[in-house]
Amino acid sequence: MENVCPVCRARFRGTASCSRCGADLTALMTIAASAFRLRQAAREALLEGDFDAALEFATEAQRTQRTAAGSALVSVGRSLTAISP
């Protein structure tokens with residue numbers, strides 16, 4: 001899902017205010033950063049072989065902000081927890 005300004009729907013450009021309407025996007029940036037950190041934690045847990053933690057992190061990331069990368073991490077986490085002892 002692409003981030004857009006909640007006021008005017010302009011594409012999010014990673015700045016604290018919307019380039020089109022000037023709306024404060026700090027909350028949006030905070031949510032996006034939090035979800036990114038959770039996805040990164042899921043990736044690290046996968047590398048460490050902790051599939052349960054990876055699935056938890058990925059699921060929480062998707063609750064925070066739905067993305068294609070988060071969806072893929074959830075799928076991988078579910079698959080690996082299903083086959084791990």
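**Close-up views of a predicted helical model**

**View 1. Helix 1 and helix 2 lie roughly antiparallel to each other.** In this predicted model, helix 1 covers residues 26-48 and helix 2 covers residues 51-64, and the two pack with their axes 8 Å apart at an angle of about 165°. Because an angle over 145 degrees counts as roughly antiparallel, the pair is described in that way. The crossing that helix 1 makes with helix 2 is left-handed.

**View 2. Residues of helix 1 meet residues of helix 2 along their contact.** From helix 1 the contact takes in I31, S34, A35, L38, R39, A41, A42, A45 and L46, while from helix 2 it takes in F51, A53, A54, F57, A58, E60, A61 and T64. Sorted by character, the residues of this contact comprise 13 that are nonpolar, two that are polar and two that are charged.

**View 3. Helix 2 and helix 3 are likewise described as roughly antiparallel to each other.** The axes of helix 2 and helix 3 come within 8 Å of one another and cross at roughly 150°, and this angle is again to be read against the limit of 145 degrees, over which a pair counts as roughly antiparallel. Where helix 2 passes helix 3, the crossing is left-handed. On the side of helix 2 the contact is made by F51, D52, L55, A58, T59 and Q62, and on the side of helix 3 by G70, S71, L73, V74, G77, R78, L80 and T81. The residues of this second contact divide into six nonpolar, six polar and two charged.

**View 4. R9 is found in the segment that comes before helix 1.** With a relative accessibility of 58%, R9 counts as exposed, since the term applies to values over 50%. Once the neighbours within four places in sequence are left aside, R9 is in contact with V4 and R20. R9 and V76 are separated by 67 residues in sequence, and their C-alpha atoms are 32 Å apart in space.

**View 5. The confidence of the prediction is given for the protein and for its elements.** The mean pLDDT of the protein is 92, and 98% of its residues reach 70 or more. Among the elements of the protein, helix 2 has the highest mean pLDDT, at 96, whereas helix 3, which covers residues 68-83, has the lowest, at 93.

Methods:
Residues are numbered from 1 along each chain as its sequence is written. This is a predicted model: local features need pLDDT of at least 70, side-chain atom pairs count only at pLDDT 80 or more; totals for chains, interfaces and linings use all residues. Side-chain values use heavy atoms; hydrogens and water are left out. Axes are lines fitted to C-alpha atoms, for helices over the stretch in contact, and angles run from 0 to 180 degrees between N-to-C directions. Helices (H or I, at least four residues) and strands (E, at least two) are DSSP runs, numbered from the N terminus. Angles under 35 degrees count as roughly parallel, over 145 as roughly antiparallel, 65 to 115 as roughly perpendicular and the rest as oblique. A crossing is left-handed if the near helix is turned anticlockwise from the far one by less than a right angle, and right-handed if clockwise. Contact means heavy atoms within 4.5 Å. Ala, Val, Leu, Ile, Met, Phe, Trp, Tyr, Cys and Pro count as nonpolar, Asp, Glu, Lys and Arg as charged, and the others, Gly among them, as polar. pLDDT is the predictor's confidence in each residue, from 0 to 100. Buried means under 20% relative accessible area, exposed over 50%, partly exposed in between (1.4 Å probe, protein chains only).
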